[in-house]
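Good morning, and thank you for coming. I would ask you to keep the sequence and the structure in view while I speak.

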Amino acid sequence: MIFKRVGEGRPYPDHGTSQRAWSVVPPRAVRLDQLVTTKSQLDLATLLSEDSTFYGDLFAHVVEWRGELFLEDGLHRAVRAALRQRTVVHARILELADD
């Protein structure tokens, strides 16, 4: 299995983090098998697009909440990494308080 679990939706509270705020979170490597997806479907055109990161962040966005890592944005990057036999992806990890 590529991911820890395939989820549907964001189980964590809305964090309201802007793109600018995400950009100051330093990226780090995270294993694909530690990630829980927040989407169960992937747009094949996005996956195959060579410029899919041209307008967005180069790194996936992950939310750490209640001891789990949720892949909020960057599913296509993670799947692309898996297809290339990679076990890690570089992501910005936002840590949320366990309210």
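The chain of this predicted model contains 3 helices and 6 strands. Reading from the N terminus, the elements follow the order β-α-β-β-α-β-β-α-β. The chain has 99 residues, of which 37% count as buried. Let us also consider how contacts are spread along the sequence. Among contacts between residues at least 6 apart in sequence, 86% join residues at least 24 apart.

I turn now to the sheet. In what order do the 6 strands stand in the open sheet? The order is β1-β3-β5-β4-β6-β2, and the pairing is mixed. At the edges are β1, residues 5-6, and β2, residues 27-31, each of which pairs on one side only. As general background, strands of a sheet pair through backbone hydrogen bonds, and the pairing may be parallel or antiparallel. Both kinds occur here, as the word mixed indicates.

Allow me to take the pairs one at a time, beginning with β3 and β5. These two strands run parallel and are joined by 3 bridges. Within this pair, L35 has L69 in β5 as its bridge partner.

Next come β4 and β5, which run antiparallel and are joined by 5 bridges. Here the bridge partner of H61 is D73 in β5. The two strands form a hairpin, with 2 residues between them. One residue in the turn, R66, has a positive phi of about 55°.

On β4, residues 60-65, we also find a pairing with β6, in the parallel sense and over 5 bridges. A60 has A91 in β6 as its bridge partner, and V63 stands opposite L94 in β6.

Finally, β2 and β6 run antiparallel, with 5 bridges joining them. In this pair, R28 is matched with A91 in β6 as its bridge partner. A91 therefore appears in two of the pairs I have described: it is the bridge partner of R28 and also the bridge partner of A60.Let us look more closely at β5. Is this strand mostly covered or mostly open? It is mostly covered, with 5 of its 6 residues buried. One residue of β5 deserves attention, namely E68. Its relative accessibility is 18%, so E68 counts as buried, the cut-off being under 20%. Apart from neighbours within four places in sequence, E68 is in contact with K4, R5, V36 and V63.

A further buried residue is T38, found in the loop between β3 and α2, the latter being residues 44-48. With 6% relative accessibility, T38 counts as buried. The C-alpha atoms of T38 and G7 are separated by 5.0 Å, although these residues are 31 residues apart along the chain. Leaving aside neighbours within four places in sequence, T38 is in contact with several residues, including G7, E8, G9, R10 and Y12. The contacts of T38 also include F70, L71 and E72.

I come now to the helix α3. Which strands does α3 lie across? They are β3, β4, β5 and β6, and α3 runs at about 110° to β5. Why is α3 described as largely enclosed by the rest of the structure? The reason is that 8 of the 9 residues of α3 are buried. These buried residues are L75, H76, R77, A78, V79, R80, A81 and A82. After α3 comes Q85, whose phi is positive, near 65°.

My last topic is the largest pocket, which has a volume of about 230 Å³. Two elements give two or more residues to the lining of this pocket: α3, residues 75-83, and β6, residues 88-95. How many residues line the largest pocket? There are 11, and those nearest its centre are R77, A81, R86, V89 and H90. By class, the lining has 5 nonpolar, 2 polar and 4 charged residues. Two of the residues nearest the centre, R77 and A81, are also among the buried residues of α3.

To close, I would return to two points. The sheet is open, with its 6 strands in mixed pairing, and α3 lies across β3, β4, β5 and β6. Thank you for your attention.

Definitions and conventions:
Residues are numbered from 1 along each chain as its sequence is written. This is a predicted model: local features need pLDDT of at least 70, side-chain atom pairs count only at pLDDT 80 or more; totals for chains, interfaces and linings use all residues. Side-chain values use heavy atoms; hydrogens and water are left out. On a 1 Å grid over the protein atoms alone, a cavity is a set of points where a 1.4 Å probe fits but cannot get out, and a pocket is an open set with protein on both sides within 12 Å along at least five of seven lines; lining residues have an atom within 4 Å of a point. Grid points are joined across faces, edges and corners, and a volume is the space filled by probe spheres set on the points. Helices (H or I, at least four residues) and strands (E, at least two) are DSSP runs, numbered from the N terminus. Ala, Val, Leu, Ile, Met, Phe, Trp, Tyr, Cys and Pro count as nonpolar, Asp, Glu, Lys and Arg as charged, and the others, Gly among them, as polar. Two strands pair if DSSP finds at least two bridges between them. Contact means heavy atoms within 4.5 Å. Axes are lines fitted to C-alpha atoms, for helices over the stretch in contact, and angles run from 0 to 180 degrees between N-to-C directions. Buried means under 20% relative accessible area, exposed over 50%, partly exposed in between (1.4 Å probe, protein chains only).
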